[in-house]
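Trainee: Hey, I've just opened this one and don't know where to start. Can you walk me through it?

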Amino acid sequence: MWPSLVLVAILSPFAGVCPAAQSREIPDPALPERVRAYAAHYLATMTSVVAHERFEQNISDRRNRSRSVDLRSDVLTLRLPGSGEPVWFRDVYEVDGRPVRDREQRLLRLLESNAPGALDAMRTIAAESARFNLGRVPRTTNVPDLVFSYLVAPPGHVALSSPRTATLAGQRLIVLRFEEAGTPTVVRTASGGDTAGRGRIWVEPATGDVVRSEVILGDVRSSATTIVDFVRHPRIAVRIPGRMEETYRTPSEYGVGTATYTDVRTFDVTTSEQIKKPPPD
(Lines give C-alpha, C1' and ligand atoms only; values in the text may rest on other atoms or scores of the structure.)
Protein backbone atom coordinates (compact mmCIF):
# COMPACT_ATOMS: atom_id res chain seq x y z
CA MET A 1 0.00 0.00 0.00
CA TRP A 2 1.28 3.42 -0.97
CA PRO A 3 1.95 5.51 2.16
CA SER A 4 2.37 8.89 0.52
CA LEU A 5 -1.32 9.73 0.68
CA VAL A 6 -1.25 9.98 4.45
CA LEU A 7 -0.73 13.68 3.89
CA VAL A 8 -1.35 15.80 6.89
CA ALA A 9 1.19 18.59 7.30
CA ILE A 10 1.55 21.86 5.43
CA LEU A 11 4.98 23.34 6.12
CA SER A 12 5.59 27.08 6.35
CA PRO A 13 8.06 28.67 6.16
CA PHE A 14 10.24 26.63 3.79
CA ALA A 15 13.35 25.96 5.79
CA GLY A 16 15.10 23.28 3.76
CA VAL A 17 17.64 23.28 0.96
CA CYS A 18 16.14 24.50 -2.31
CA PRO A 19 17.78 23.51 -5.59
CA ALA A 20 18.20 26.32 -8.09
CA ALA A 21 14.94 25.63 -9.93
CA GLN A 22 13.84 28.81 -11.66
CA SER A 23 10.85 29.74 -13.81
CA ARG A 24 11.72 28.62 -17.35
CA GLU A 25 10.54 29.20 -20.87
CA ILE A 26 8.04 31.95 -19.99
CA PRO A 27 8.02 34.74 -22.59
CA ASP A 28 6.58 37.26 -20.11
CA PRO A 29 9.12 37.23 -17.26
CA ALA A 30 6.76 39.23 -15.02
CA LEU A 31 3.98 36.63 -15.17
CA PRO A 32 5.35 34.35 -12.40
CA GLU A 33 5.57 37.34 -10.08
CA ARG A 34 1.99 38.35 -10.88
CA VAL A 35 0.88 34.79 -10.12
CA ARG A 36 2.75 34.74 -6.81
CA ALA A 37 1.38 38.14 -5.87
CA TYR A 38 -2.14 36.96 -6.61
CA ALA A 39 -1.57 33.81 -4.54
CA ALA A 40 -0.47 35.90 -1.56
CA HIS A 41 -3.51 38.15 -2.05
CA TYR A 42 -5.78 35.09 -2.22
CA LEU A 43 -4.44 33.67 1.04
CA ALA A 44 -4.76 37.02 2.81
CA THR A 45 -8.31 37.52 1.51
CA MET A 46 -9.57 33.99 2.16
CA THR A 47 -8.54 34.09 5.80
CA SER A 48 -11.80 33.93 7.74
CA VAL A 49 -14.11 32.64 5.02
CA VAL A 50 -16.86 30.12 5.76
CA ALA A 51 -18.97 28.06 3.33
CA HIS A 52 -21.11 24.96 2.92
CA GLU A 53 -19.57 22.04 1.05
CA ARG A 54 -21.26 19.10 -0.64
CA PHE A 55 -18.72 16.38 -1.44
CA GLU A 56 -19.91 13.33 -3.38
CA GLN A 57 -17.40 10.47 -3.56
CA ASN A 58 -17.43 7.13 -5.40
CA ILE A 59 -14.85 4.38 -5.16
CA SER A 60 -14.40 0.89 -6.63
CA ASP A 61 -11.93 -1.93 -6.04
CA ARG A 62 -10.31 -4.53 -8.28
CA ARG A 63 -13.38 -6.75 -7.97
CA ASN A 64 -15.57 -3.91 -9.27
CA ARG A 65 -17.26 -3.53 -5.91
CA SER A 66 -18.25 0.08 -5.52
CA ARG A 67 -19.25 2.41 -2.73
CA SER A 68 -20.43 5.99 -2.66
CA VAL A 69 -20.97 8.68 -0.06
CA ASP A 70 -22.58 12.13 -0.02
CA LEU A 71 -20.98 14.40 2.59
CA ARG A 72 -22.32 17.77 3.75
CA SER A 73 -19.93 19.92 5.73
CA ASP A 74 -19.24 23.33 7.17
CA VAL A 75 -15.84 24.51 5.94
CA LEU A 76 -13.78 27.53 6.82
CA THR A 77 -10.31 28.98 6.45
CA LEU A 78 -8.49 30.53 9.37
CA ARG A 79 -5.02 31.93 9.90
CA LEU A 80 -3.63 30.24 12.99
CA PRO A 81 -1.33 32.02 15.44
CA GLY A 82 2.25 31.78 14.21
CA SER A 83 1.25 30.47 10.78
CA GLY A 84 1.88 32.33 7.55
CA GLU A 85 -0.97 30.68 5.65
CA PRO A 86 -4.64 29.98 6.33
CA VAL A 87 -5.62 26.44 7.27
CA TRP A 88 -8.69 24.72 5.82
CA PHE A 89 -11.06 23.09 8.32
CA ARG A 90 -13.86 20.69 7.32
CA ASP A 91 -16.63 19.67 9.74
CA VAL A 92 -18.89 16.94 8.31
CA TYR A 93 -22.41 17.20 9.70
CA GLU A 94 -24.36 14.90 7.34
CA VAL A 95 -23.52 11.60 5.60
CA ASP A 96 -25.88 10.25 2.91
CA GLY A 97 -28.68 12.42 4.22
CA ARG A 98 -28.26 11.25 7.83
CA PRO A 99 -26.97 13.69 10.44
CA VAL A 100 -23.81 12.61 12.21
CA ARG A 101 -24.33 15.29 14.86
CA ASP A 102 -26.75 18.04 15.71
CA ARG A 103 -26.86 20.68 12.97
CA GLU A 104 -24.79 23.38 14.55
CA GLN A 105 -21.84 25.35 13.33
CA ARG A 106 -19.34 23.88 15.77
CA LEU A 107 -16.29 25.53 14.24
CA LEU A 108 -17.75 29.01 14.49
CA ARG A 109 -18.98 28.39 18.04
CA LEU A 110 -15.47 27.35 19.03
CA LEU A 111 -14.04 30.48 17.44
CA GLU A 112 -16.58 32.73 19.11
CA SER A 113 -15.92 31.17 22.49
CA ASN A 114 -12.24 32.22 22.37
CA ALA A 115 -11.75 29.43 24.91
CA PRO A 116 -8.33 27.88 25.60
CA GLY A 117 -7.88 24.79 23.47
CA ALA A 118 -10.36 25.91 20.81
CA LEU A 119 -7.85 25.44 17.99
CA ASP A 120 -6.95 21.98 19.24
CA ALA A 121 -10.65 21.15 19.27
CA MET A 122 -10.94 22.39 15.67
CA ARG A 123 -8.05 20.19 14.59
CA THR A 124 -9.77 17.24 16.25
CA ILE A 125 -12.97 18.01 14.35
CA ALA A 126 -11.05 18.16 11.05
CA ALA A 127 -9.34 14.83 11.78
CA GLU A 128 -12.67 13.24 12.68
CA SER A 129 -14.19 14.51 9.44
CA ALA A 130 -11.35 13.07 7.34
CA ARG A 131 -12.43 9.55 8.28
CA PHE A 132 -15.55 9.94 6.14
CA ASN A 133 -13.42 10.06 2.98
CA LEU A 134 -13.77 6.84 0.99
CA GLY A 135 -10.62 4.79 0.46
CA ARG A 136 -8.21 2.79 2.56
CA VAL A 137 -5.58 5.53 2.63
CA PRO A 138 -6.33 8.46 4.97
CA ARG A 139 -5.87 11.87 3.35
CA THR A 140 -6.47 15.47 4.26
CA THR A 141 -5.18 17.04 1.05
CA ASN A 142 -8.51 17.01 -0.82
CA VAL A 143 -9.07 20.71 -0.15
CA PRO A 144 -9.53 23.35 -2.86
CA ASP A 145 -6.83 25.85 -1.97
CA LEU A 146 -3.80 23.56 -1.69
CA VAL A 147 -2.27 24.96 -4.88
CA PHE A 148 -1.66 28.35 -3.27
CA SER A 149 0.78 26.83 -0.78
CA TYR A 150 2.96 25.97 -3.77
CA LEU A 151 2.54 29.33 -5.44
CA VAL A 152 3.71 31.33 -2.41
CA ALA A 153 6.78 29.12 -1.96
CA PRO A 154 10.13 30.72 -2.86
CA PRO A 155 10.85 30.63 -6.62
CA GLY A 156 13.69 28.18 -6.04
CA HIS A 157 11.35 25.76 -4.28
CA VAL A 158 8.69 25.54 -6.99
CA ALA A 159 9.37 26.09 -10.70
CA LEU A 160 6.81 27.52 -13.12
CA SER A 161 7.35 26.58 -16.76
CA SER A 162 5.99 25.35 -20.11
CA PRO A 163 3.41 28.06 -20.84
CA ARG A 164 0.70 27.54 -23.41
CA THR A 165 -2.54 29.30 -24.24
CA ALA A 166 -5.97 27.81 -23.63
CA THR A 167 -9.59 28.92 -23.72
CA LEU A 168 -11.79 28.17 -20.72
CA ALA A 169 -15.45 29.24 -20.69
CA GLY A 170 -14.67 31.67 -23.49
CA GLN A 171 -11.75 33.25 -21.65
CA ARG A 172 -8.23 33.16 -23.06
CA LEU A 173 -5.78 32.02 -20.40
CA ILE A 174 -2.17 30.98 -19.94
CA VAL A 175 -1.54 27.47 -18.61
CA LEU A 176 1.64 27.02 -16.55
CA ARG A 177 3.10 23.84 -15.16
CA PHE A 178 4.51 23.84 -11.65
CA GLU A 179 6.83 21.33 -10.06
CA GLU A 180 8.18 21.19 -6.54
CA ALA A 181 11.94 20.76 -6.34
CA GLY A 182 12.88 21.93 -2.84
CA THR A 183 12.67 20.26 0.54
CA PRO A 184 10.96 20.03 2.94
CA THR A 185 7.96 19.62 0.66
CA VAL A 186 4.69 21.48 1.15
CA VAL A 187 2.87 18.22 1.89
CA ARG A 188 4.40 15.67 4.22
CA THR A 189 3.50 12.12 5.13
CA ALA A 190 2.36 11.21 8.64
CA SER A 191 5.89 9.96 9.32
CA GLY A 192 7.44 13.23 8.14
CA GLY A 193 8.55 12.11 4.68
CA ASP A 194 8.62 14.33 1.62
CA THR A 195 5.89 14.16 -1.05
CA ALA A 196 6.67 16.44 -3.97
CA GLY A 197 3.72 18.12 -5.67
CA ARG A 198 3.24 19.03 -9.31
CA GLY A 199 0.44 20.16 -11.59
CA ARG A 200 -0.88 23.05 -13.66
CA ILE A 201 -2.54 26.42 -13.19
CA TRP A 202 -4.75 28.35 -15.60
CA VAL A 203 -4.18 32.08 -15.09
CA GLU A 204 -5.35 35.39 -16.46
CA PRO A 205 -2.16 36.73 -18.09
CA ALA A 206 -2.77 40.41 -17.28
CA THR A 207 -3.47 39.92 -13.58
CA GLY A 208 -2.08 36.51 -12.59
CA ASP A 209 -5.50 35.47 -11.22
CA VAL A 210 -5.82 31.69 -10.89
CA VAL A 211 -8.95 30.45 -12.69
CA ARG A 212 -8.30 26.70 -12.47
CA SER A 213 -5.75 24.57 -10.65
CA GLU A 214 -4.54 20.98 -10.82
CA VAL A 215 -2.46 19.46 -8.03
CA ILE A 216 -0.98 15.95 -8.37
CA LEU A 217 0.59 13.97 -5.54
CA GLY A 218 2.06 10.52 -6.14
CA ASP A 219 3.11 8.56 -9.23
CA VAL A 220 1.64 6.44 -12.02
CA ARG A 221 0.72 3.61 -9.64
CA SER A 222 -0.81 5.61 -6.80
CA SER A 223 -1.85 9.21 -6.85
CA ALA A 224 -4.27 11.85 -5.68
CA THR A 225 -5.27 14.63 -8.07
CA THR A 226 -7.50 17.62 -7.40
CA ILE A 227 -8.79 20.02 -10.06
CA VAL A 228 -10.48 23.19 -8.82
CA ASP A 229 -12.45 25.84 -10.72
CA PHE A 230 -12.40 29.27 -9.07
CA VAL A 231 -15.33 31.62 -9.61
CA ARG A 232 -16.02 35.27 -8.93
CA HIS A 233 -17.96 36.33 -5.84
CA PRO A 234 -19.75 39.69 -5.58
CA ARG A 235 -18.35 40.49 -2.12
CA ILE A 236 -14.94 38.78 -2.10
CA ALA A 237 -11.97 40.33 -3.89
CA VAL A 238 -10.54 37.07 -5.26
CA ARG A 239 -11.96 34.13 -7.13
CA ILE A 240 -13.29 31.56 -4.67
CA PRO A 241 -13.54 27.77 -5.04
CA GLY A 242 -16.69 26.84 -6.92
CA ARG A 243 -16.11 23.19 -7.76
CA MET A 244 -13.43 20.63 -6.93
CA GLU A 245 -12.89 17.26 -8.60
CA GLU A 246 -10.73 14.64 -6.90
CA THR A 247 -9.27 11.49 -8.45
CA TYR A 248 -7.80 8.94 -6.04
CA ARG A 249 -5.88 5.89 -7.26
CA THR A 250 -3.98 3.06 -5.56
CA PRO A 251 -3.11 -0.45 -6.83
CA SER A 252 -6.33 -1.75 -5.27
CA GLU A 253 -8.77 1.19 -5.51
CA TYR A 254 -9.95 3.91 -7.83
CA GLY A 255 -12.11 6.77 -6.66
CA VAL A 256 -13.56 10.05 -7.90
CA GLY A 257 -15.24 12.86 -6.02
CA THR A 258 -16.91 16.17 -6.73
CA ALA A 259 -17.26 18.99 -4.21
CA THR A 260 -19.30 22.17 -4.64
CA TYR A 261 -19.30 25.27 -2.47
CA THR A 262 -22.26 27.49 -1.61
CA ASP A 263 -23.28 30.13 0.95
CA VAL A 264 -19.76 31.56 1.00
CA ARG A 265 -19.39 34.30 3.61
CA THR A 266 -16.70 36.12 5.53
CA PHE A 267 -16.37 36.71 9.25
CA ASP A 268 -14.28 39.24 11.09
CA VAL A 269 -11.52 38.91 13.65
CA THR A 270 -11.27 42.01 15.83
CA THR A 271 -8.08 43.36 17.36
CA SER A 272 -8.97 41.60 20.61
CA GLU A 273 -9.05 38.32 18.64
CA GLN A 274 -12.76 37.93 19.28
CA ILE A 275 -14.45 36.50 16.21
CA LYS A 276 -17.78 37.77 14.95
CA LYS A 277 -20.44 35.62 13.31
CA PRO A 278 -20.62 35.86 9.53
CA PRO A 279 -23.66 37.79 8.33
CA PRO A 280 -26.42 35.81 6.59
CA ASP A 281 -25.84 35.47 2.85
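Mentor: Let's begin with D61, which sits in strand β2 (residues 49–61); strands here are DSSP runs of E with at least two residues, numbered from the N terminus.

Trainee: Which side chain does D61 make a polar contact with?

Mentor: The side chain of R65, at 2.8 Å. A polar contact is a pair of N or O atoms within 3.5 Å, where one must be able to donate a hydrogen and the other to accept it; residues adjacent in sequence count only if both atoms are side-chain atoms. D61 also touches S252 and E253, leaving out residues up to four places away in sequence, with contact meaning heavy atoms within 4.5 Å.

Trainee: Anything I should know about the model itself?

Mentor: It's a predicted model, where local features need pLDDT of at least 70, side-chain atom pairs count only at pLDDT 80 or more, and totals for chains, interfaces and linings use all residues. Residues are numbered from 1 along each chain as its sequence is written, and side-chain values use heavy atoms, with hydrogens and water left out.

Trainee: OK, new topic: how many cavities are there of 30 Å³ or more?

Mentor: Four turn up in a search of the whole structure. A cavity is a set of points on a 1 Å grid over the protein atoms alone where a 1.4 Å probe fits but cannot get out, and lining residues have an atom within 4 Å of a point. Grid points are joined across faces, edges and corners, and a volume is the space filled by probe spheres set on the points.

Trainee: What's around the largest cavity?

Mentor: Its lining includes M46, W88, P241 and Y261, and its space is about 80 Å³. The lining splits into eleven nonpolar residues, one polar and no charged; Ala, Val, Leu, Ile, Met, Phe, Trp, Tyr, Cys and Pro count as nonpolar, Asp, Glu, Lys and Arg as charged, and the others, Gly among them, as polar.

Trainee: And the second largest, what lines that?

Mentor: Among them are Q57, R139, E246 and Y248. The second largest cavity has about 50 Å³, and its lining has four nonpolar, four polar and two charged residues. β2, β13 (236–249) and β14 (253–266) each supply at least two residues to the lining of both the largest and the second largest cavity.

Trainee: Where's the cis peptide bond?

Mentor: From T183 to P184, with omega near -5 degrees. P184 is in the loop between β7 (171–180) and β8 (187–189).

Notes:
Helix = DSSP H or I, 4+ residues; strand = E, 2+ residues; numbered from the N terminus. 1 Å grid on protein atoms, 1.4 Å probe; cavity = no way out; pocket = protein on both sides within 12 Å on 5 of 7 lines; lining within 4 Å.
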